[in-house]
Amino acid sequence: MKIAVIGFGAAAIGFIERMKTEGHEIVVFEKSKDIYSSSISGIRADGKLFVSSEMGGDMHIDLALQKKLVDFYIDNTEDKQVETGQSFTNSNYFKKFYEKGFLPVSSDFYHLGTDQLKMVLYNIYENFKNFKNISFRFEENIQSVNIKDDKCYVNEYDEAFDKVVVAVGRSGHKLIGSILKNHPELILDNTKVDLGIRYEVPNHIVDEINKEMYEFKVKYKSKTGYMVRSFCNNPSGFVVTENYDDFVTVNGHAKMKDKSRNTNFAILVTIQLTEPFNNPIGYGSHIAKLSNLLAGKGKVILQTYDHFKNSKRTKNLYRIQPTMPESQYILGDINLAFPRRIIESIIDFIETLNEVIPGIAYPDNLVYAPEIKFYSNLLDNEKLLNLKFIGDCSGYTRSIIYATAHGYLMAEEILKKD
Ligand SMILES: Cc1cc2nc3c(=O)[nH]c(=O)nc-3n(C[C@H](O)[C@H](O)[C@H](O)COP(=O)(O)OP(=O)(O)OC[C@H]3O[C@@H](n4cnc5c(N)ncnc54)[C@H](O)[C@@H]3O)c2cc1C
């Protein structure tokens with residue numbers, strides 16, 4: 001079989017790892033310039049690997065397979081040094097959160113750190129490159145996939161493939177859009193978007209919980225009826241901007257060696273609307289663009305929690321200094337860009353969390369916006385025999401381990417049917 005894999009990220013890695021010794025020809029098309037490029041693969045920032053049945057994606061993945069893939073990544077680090085921990089195995093913590101209305105999410109995690117990830121990706125690539133049946137074509141931004149008879153073609157090439165496996169992550173939404181134009185029957189669901197903020201507090205407020213579990217993940221049904229969740233906790237971490245084609249959002253990460261004095265985590269409100277609404281990406285992008293319009297091109301809004309709560313523009317900061325460079329934010333008022341129901345849901349979350357972690361609602365804690373997590377359309381992998389979607393672009397995954405496992409399982413399925 002001759003297989004084209006489009007994109008070289010976590011999902012492609014899982015797919016190739018399972019397929020590499022099976023004798024099939026694999027051609028990888030990757031839009032980035034080379035393996036060193038900063039835009040290649042989603043496994044470039046932070047590198048927190050989770051083993052959990054409660055988060056990471058909307059599919060069942062056996063915990064043993066998840067752990068096997070975590071070990072695969074750790075084996076590709078230089079000295080196998082990782083930070084590890086478990087969320088909510090301590091029943092005292094579980095009860096403390098539960099009694100205030102939170103739903104604690106259990107997971108084991110392994111933190112590689114942004115600084116180690118480059119090496120991991122490079123080592124995996126070097127291993128794959130040694131296989132004669134695997135070839136890499138960089139600087140190949142695939143615009144279209146066409147099916148003719150029982151063969152597949154990428155871009156306008158004459159080269160025919162028996163199967164095309166699309167693994168382009170979220171950054172490949174243009175290619176997915178072009179495929180869906182010809183195959184709208186593949187769309188199963190598209191109504192969800194997570195909208196919120198990145199919250200930054202001094203380490204000492206969350207020291208105890210950071211030591212206990214590093215990553216605390218909780219869900220909370222707020223008084224507005226919306227579900228709110230904490231996401232991507234970064235002890236001693238950094239808040240950064242994330243660039244999309246035509247807007248900028250916030251994100252956070254932590255490094256293994258270089259540490260800050262602050263902890264940051266996202267607080268996200270899940271918006272799931274019903275018909276005739278069918279454009280969650282449009283909705284989220286408009287709010288992001290409105291925030292950028294207020295902040296100035298390429299910038300995000302930063303506000304103290306007290307001002308965020310009382311809808312006042314922040315003009316000065318007090319005790320806590322932001323980890324984001326000053327050139328990337330403007331002090332402002334997020335209330336001018338976010339709908340009230342979302343703001344109220346976030347405030348309710350923070351005030352209730354303050355009952356479990358005193359100090360979380362200090363007035364001078366920092367709020368950055370917008371933070372947005374888009375969900376890709378859920379795509380039907382059963383409809384077309386020779387065109388498959390794996391990882392985040394398929395809508396089934398949202399994490400490194402789930403995306404890698406999805407690729408791995410897709411390879412097994414193809415081998416079974418072969
Ligand atoms: C800032 C940030 C931090 C994150 N931190 C974590 C974390 O700590 N832990 C975690 O579990 N998850 C994390 N995630 C999520 C995680 O990175 C993704 O869930 C995961 O990488 C998805 O894997 P994927 O293979 O589907 O896509 P990706 O890993 O994004 O790979 C897609 C690849 O396809 C290429 N591509 C895109 N379009 C085309 C095209 N048209 N033609 C050719 N190539 C194309 C891209 O260049 C890229 O290399 C983070 C995400 C971000 C943005």
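In which strand is Cys232 placed? In this predicted model, Cys232 lies in strand S14, which covers residues 227-234. The backbone at Cys232 departs from the usual pattern: phi is positive, at about 55°, although the residue is not a glycine. Cys232 has 21 C-beta neighbours inside 10 Å. The cut-off for burial is 20 or more such atoms, and Cys232 therefore counts as buried.

A positive phi also occurs at Phe88, where the value is about 60° and the residue is again not a glycine. Phe88 is located in a loop, between strand S4 (83-87) and helix H3 (91-98). The count of other C-beta atoms within 10 Å of Phe88 is 20, so this residue is buried. Most residues other than glycine have a negative phi.

Two peptide bonds that precede proline residues were examined for their omega values. The bond from Glu275 to Pro276 is cis, with omega near 10°. Pro276 belongs to the loop that connects strand S17 (262-272) with helix H7 (280-295). Ala369 and Pro370 are likewise joined by a cis peptide bond, for which omega is about 5°. Pro370 is part of strand S20, residues 366-374. Most peptide bonds are trans.

With respect to placement, the positive phi of Phe88 falls in the loop between S4 and H3, whereas that of Cys232 falls within strand S14. For the cis bonds, Pro276 is in the loop between S17 and H7, whereas Pro370 is in strand S20.

Terms used:
Residues numbered from 1 in each chain as written. Predicted model: local features only at pLDDT ≥ 70, side-chain atom pairs only at ≥ 80, totals over all residues. Helix = DSSP H or I, 4+ residues; strand = E, 2+ residues; numbered from the N terminus. Buried ≥ 20, exposed ≤ 12 C-beta atoms within 10 Å, placed from the backbone.
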